[in-house]
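Work through the exercises below with the sequence and the model open. Each task is followed by a solution in steps.

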Amino acid sequence: MITSNRRSFLRFAAAAAGLTAAAPLDALARRLRAGAVAMADGYGPLAPVADDATGLTLLELPRGFRYHSVAWTGDLMDAGVRMPGAPDGMAAFPGAGGVVQLVRNHELNPGPAFAPALAYDRLAGGGTTTLTLAADDARLVGARASLSGTLRNCAGGPTPWGSWLTCEETVLDQSGKQGPLERPHGYIFDVPVEGEPTREPLVAMGRFVHEAVAVDPRSGIVYETEDARRAGLYRFTPTTRGRLAAGGRLQMLAVRGRPRLDLRQGQTSGVRYGAHWVDIADPGRVHDDVAARDGSGVFSQGLKAGGAIFGRLEGAWFADGKVFVTSTDGGQAKMGQVWELDCDGDELRLVFESPGADVLNMPDNLTVSPRGGLVLCEDGTHNPSVHGLTPDGRVFRFARNAVRLAGERNGIAGDFTTSEMAGATFSPDGRWLFLNIQSPGITVAITGPWDQGLI
């Protein structure tokens, strides 16, 4: 199983080489340097499309694309456990017998653990679930809890050794004001695709407001993002590749020759910075100001050593020697930036800065398509959408939230069209794009004429 997942991960990275070999993103940079944002028609105009599974209209998509819902909040899983809500980041893995294993985060607050037998903290409501899907048609075969008792599991990332790293977007502990807790939070947990997790945090990877991770399969280095007003980009070099619990070295990115550079300000797309890394001496230091409980203990250590300042770093994905990350509120318009880190050359490049919400409204989760493009999920509050970045450097809207319910499924009712879409990830064969609609909590599988080559 581990070998199979590792091969799949490397194939995925290689398939994305067309993107990171500079064609699409350099083309976008050239257009932006010329003073214009290039918009594309993409796959065509969006229109309401009914869910193949329920007949309900949940999404607007281009002509030729179809989808079906595979999981809803409140559905019954294995062992009689109800499916928790707020699905967020996720990744798909090849499973034994030709199935797809889809591991999903659940961004939930203090409350009873939804699967007490798998709980790190029985008073924490978040965790992960794993869906088993048929590889040919992405239909649900089984569903189970895979980690429980964590908090605000927002994003994470797949590993080449066959697991999902799930991240807590909080540093609450037993003294938190949002409810009683048994244990401290603010960690990363390793969730195997098969079998049960250890339920123990990877403390050497730092305690801070985590968002996503991206693993370089060649070195085993893990890149970590931080969702804070002043955020750092970190890397964790494990003592032993693939054994994160054995410890390692946590560092924060700094710009060569420009200590404490604030990258949140408006930047010229395509600008490049030389990067180096500064050590975090105490990864477990959660606060810089203990009285204020500011949660910036790790960030402040890096900043004092010259680390660079980003705005709300969220999504992260590795492909072909590069890590792509999103700064959700970075840039002059505060509508978001996409950054590229060359892991081999230690060079940071601004791929894209949104000039306004009509172009791109606060990008969050992202993934790299096996056909050579980026898929970006918006975190904005007005008709959140999923965008694509085409191979010739154009951006376009691919999907829009259209969820309005009147109790048709699990008694859920309301207008959810302002809920964020999250967790974009492709099936191992690239045929299906999986997405979450965070509220009311729906996971969908989308397929269509990908061979047009846009994403």
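**Exercise 1.** State which strands help cover the buried residues of helix α4.

Solution. The cover of the buried residues of α4 includes β12 (222–226), β13 (233–238), β14 (248–255) and β15 (272–279). Helices (H or I, at least four residues) and strands (E, at least two) are DSSP runs, numbered from the N terminus. Next, take the helix itself: α4 spans residues 297–304, and seven of its eight residues are buried, where buried means under 20% relative accessible area (1.4 Å probe, protein chains only). The buried residues include Phe299 and Leu303. After α4 comes glycine 306, with a positive phi near 105 degrees.

The model is predicted: local features need pLDDT of at least 70, side-chain atom pairs count only at pLDDT 80 or more, and totals for chains, interfaces and linings use all residues. Residues are numbered from 1 along each chain as its sequence is written, and side-chain values use heavy atoms, with hydrogens and water left out.

**Exercise 2.** Determine whether asparagine 361 is buried or exposed, and list what it touches.

Solution. Locate asparagine 361 in the loop between β19 (347–353) and β20 (363–369). Its relative accessible area is 10%, so asparagine 361 is buried. Leaving out residues up to four places away in sequence, asparagine 361 touches Met335, Glu378, Asp379, Gly380, Thr381 and His382; contact means heavy atoms within 4.5 Å.

**Exercise 3.** Give the strand order of the open four-stranded sheet.

Solution. The order is β3-β28-β27-β26, with antiparallel pairing; two strands pair if DSSP finds at least two bridges between them. The edge strands, β3 (66–72) and β26 (421–426), each pair on one side only. Between β27 (residues 433–437) and β28 (residues 442–447) there are five bridges, and phenylalanine 434 stands opposite alanine 445 in β28.

Notes:
Buried < 20%, exposed > 50% of the residue type's maximum accessible area, 1.4 Å probe, protein only.
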